[in-house]
Amino acid sequence: MNKKNSIIALFCLCAQTGFSQKLLTVTSPDGNIQTTISIGEKITYTVNSNHHTIIAPSPVSMTLSTGETWGKNAKVDKSSKQTVNQTISSPFYKRAQITDHYNELNICFKKNWGIKFRMYNDGVAYRFINYRKEPFTIQNEEVKYNFANDLIATVPYVRLNGVIDYNNKEMQFTNSFENTYITDKLSKLDTKRIMFLPLVVEADNGIKVCLTEADLESYPGLYLNSLAKENALEGIFAPYPKRTELGGHNMLQSRVKERENFIAKVNGAREFPWRVAIIASEDKQLVESDMTYKLATSSRVADCSWVKPGKVAWDWWNDWNLYNVDFEAGINNETYKYYIDFASANNLQYVILDEGWAVNLKSNLMQVVPEINIKELVDYGAKKQIGIILWAGYHAFNRDMEKVCKYYSELGVKGFKVDFMDRDDQEMVEFNYRAAATCAKYHLILDLHGMYKPAGLNRTYPNVLNFEGVHGLEQMKWSPATTDMVKYDVTIPFIRMVAGPLDYTQGAMRNAAKGCYAPINSEPMSQGTRCHQLALYIIFESPFNMLCDNPSNYMREPECLDFIAKVPTVWDNTKILDGKIGEYIITLRQEGDNWYVGGLTNWNPRDLSFDLSFLGKGEYKATLFKDGKNAHRAGRDYKKEEKMVNASSVQTIHLAPGGGFAMKLEKANHN
């Protein structure tokens with residue numbers, strides 16, 4: 001339940017009285033960040049942090065299809081400020097409760113529209129507001145980030161396969177939102193390729209700015225394009241689909257063949273998505289930010305006690321490649337019963353039936369292959385307290401969503417993993433909200449793959465436990481050796497994960513030291529060490545978290561399996577002890593009386609040190625997994641240690657190239 005500690009009453013600022021230029025300001029609660037809004041022939045805003053210009057004067061506007069432009073010669077009707085300081089609950093998240101403290105400036109303009117600016121101690125966000133009741137369409141929204149200098153940016157371009165005409169932005173609007181990052185000056189970014197969010201710009205004095213959006217509902221997602229000569233990034237939106245056709249993977253995708261000349265339909269009064277700039281003086285502060293979650297609409301699920309996060313035994317990444325069994329492994333009930341037995345024996349919560357259980361090319365989730373009896377598997381799992389999750393392609397799920405959810409919920413299925421949306425125009429964004437609401441209605445959890453970044457949907461519908469939108473471990477089934485997943489792993493916590501949880505699907509037991517990786521579909525491997533994989537369960541936020549490798553491999557590694565199976569997937573609190581984008585990170589998590597610490601490095605070996613002053617009084621049992629002496633040659637080499645520690649202890653741990661460590665701290669029982 002939300003608890004407001006204090007709200008300072010609204011008070012009016014002076015209205016516009018004939019001046020050609022009007023300046024309004026709003027600051028963060030601690031006074032360190034200031035936004036100045038200039039209203040005249042156009043509307044611009046400037047952001048300063050500790051006397052450094054973070055965002056130079058940047059225009060905002062929204063153009064309706066009628067030709068009217070909100071932001072051109074705008075006339076202020078009234079404006080008001082408020083301060084809010086409250087605590088919000090945050091189930092299935094990196095901390096159980098969040099302090100939501102902000103100052104807000106709400107500007108109402110003549111002709112029934114407005115802009116709201118919200119200031120946190122770690123950033124600024126703004127959004128347009130429509131007060132009109134009649135429907136209309138939006139031709140475009142002007143989003144632009146101007147910077148004073150030619151700054152360094154770390155960005156993900158849209159990744160496409162095949163021959164692409166990058167002069168045609170339309171060809172880039174269908175993508176899976178999965179790519180690695182490039183780091184370069186704004187002037188060197190490719191102006192023909194669009195970038196998806198989040199991304200990070202390094203401003204003066206080492207300050208980092210993470211650009212993203214929040215509360216993305218019934219509106220297209222924001223891309224950015226480089227204006228290299230202007231030291232600026234400009235917003236781009238996919239226009240509304242006019243005509244679509246089935247296509248793509250097994251005819252499960254909806255491909256846009258023609259678009260309208262507008263980006264969004266508006267049916268009445270509403271608020272539009274937040275444009276978010278998270279500001280951090282240290283890299284680690286980006287990972288700790290809660291702004292995306294705080295800016296989202298609060299939960300629409302009155303009772304989410306039925307939502308159960310947890311670990312999932314997954315079939316697809318390991319290609320159903322069991323061994324030492326007396327049946328032929330594959331998409332059949334014997335195989336899935338074996339996965340259920342494995343999950344039950346190790347206190348996991350779910351088994352997923354990924355692609356293959358429904359008849360191929362039919363896009364009909366009511367047609368199940370003869371080798372699978374879902375009711376039998378659901379009942380078998382229920383006896384062992386294991387829930388069944390079903391994979392579904394976008395079109396198959398969308399075509400009869402209500403019927404599918406009702407039928408499988410009544411059958412006892414616990415949720416769906418929906419895949420291949422691969423767009424974020426208004427039509428697809430609305431699908432994701434509809435899927436979340438329908439699944440909530442039938443008490444089904446939801447994992448969204450083929451999906452854009454999180455933008456707060458997991459707060460609005462807490463049954464949405466995870467999102468892809470990440471260049472995850474599945475890429476290691478086919479990516480060339482030139483792909484640097486180890487560096488990517490120490491980059492995404494500071495960028496992609498700032499937006500919300502990610503379905504990276506870690507847990508590989510075949511681990512390749514530098515120079516030893518090769519893509520093998522049926523026996524895939526990870527880059528980096530075994531302890532790198534273990535640490536990912538602490539460092540990556542993933543309330544619905546996969547064990548990607550096969551049960552046969554895990555059972556050969558009982559120590560690692562036991563650790564992975566017992567690491568929580570949601571936390572009471574989170575803190576980043578240290579870190580630098582693309583280099584290393586140390587993450588601290590709390591669950592009850594227990595603490596977990598995970599560390600990662602890129603391909604550079606390094607010693608990471610941290611103290612245990614966060615511990616309470618008394619002794620704690622520390623269980624540490626660290627890279628073995630030969631992990632630089634054999635990635636699977638690790639060492640497990642157990643020792644007693646207390647709050648005065650200091651840890652220094654050596655990480656091999658591509659290495660990591662994972663530590664559990666348990667309160668000692670002296671009874």
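Which residues make a nonpolar surface patch of about 270 Å²? In this predicted model, the patch is formed by Leu-246, Met-251 and Leu-361. Met-251 lies in the loop between β18 (241–247) and β19 (253–259). Its relative accessibility is 36%, so Met-251 counts as partly exposed.

**Salt bridges**

Side chains of opposite charge can pair when their charged atoms come close. Across the whole structure, a search finds 36 salt bridges. The table lists three of them, with the N to O distance for each pair.

| Salt bridge | N to O distance |
|---|---|
| Glu-541 and Lys-94 | 3.7 Å |
| Glu-557 and Arg-530 | 3.1 Å |
| Lys-664 and Glu-666 | 3.6 Å |

The salt bridge of Lys-664 with Glu-666 brings together side chains of two exposure classes. Lys-664 has a relative accessibility of 15% and therefore counts as buried, whereas Glu-666, with a relative accessible area of 24%, is partly exposed. Elsewhere, salt bridges that share partners join Lys-94, Arg-95, Asp-290 and Glu-541 into one network.

Within that network, Glu-541 and Lys-94 meet through their side chains at 3.7 Å, N to O. This pair links distant parts of the chain, since 447 residues separate the two partners. Glu-541 is placed in the loop between α10 (530–539) and β31 (544–547), while Lys-94 is placed in the loop between β7 (76–89) and β8 (97–109). Glu-541 is buried, with a relative accessible area of 7%, and Lys-94 is also buried, at 1%.

The side chains of Glu-557 and Arg-530 form a further salt bridge, at 3.1 Å, N to O. Here too distant parts of the chain are linked, with the partners 27 residues apart. Glu-557 belongs to the loop between α11 (551–555) and α12 (558–566), and Arg-530 belongs to helix α10. The relative accessible area of Arg-530 is 0%, which means that this residue is buried.

**The surroundings of Lys-185**

Lys-185 is part of strand β13, which covers residues 182–185. With a relative accessibility of 39%, Lys-185 counts as partly exposed. Leaving aside residues up to four places away in sequence, Lys-185 touches Asp-150, Leu-151 and Ile-152. Another residue, Thr-154, stands 31 residues from Lys-185 in sequence, and the C-alpha to C-alpha distance between the two is 8.8 Å.

How values were computed. Residues numbered from 1 in each chain as written. Predicted model: local features only at pLDDT ≥ 70, side-chain atom pairs only at ≥ 80, totals over all residues. Heavy atoms only, no water. Helix = DSSP H or I, 4+ residues; strand = E, 2+ residues; numbered from the N terminus. Buried < 20%, exposed > 50% of the residue type's maximum accessible area, 1.4 Å probe, protein only. Contact = heavy atoms within 4.5 Å. Patch = residues over 30% accessible without salt bridge, like charges linked within 9 Å, V, L, I, M, F, W, Y side chains within 5 Å. Areas by Shrake-Rupley, 256 points an atom, 1.4 Å probe, with all protein chains shown as cover. Salt bridge = Lys/Arg side-chain N within 4 Å of Asp/Glu carboxyl O.
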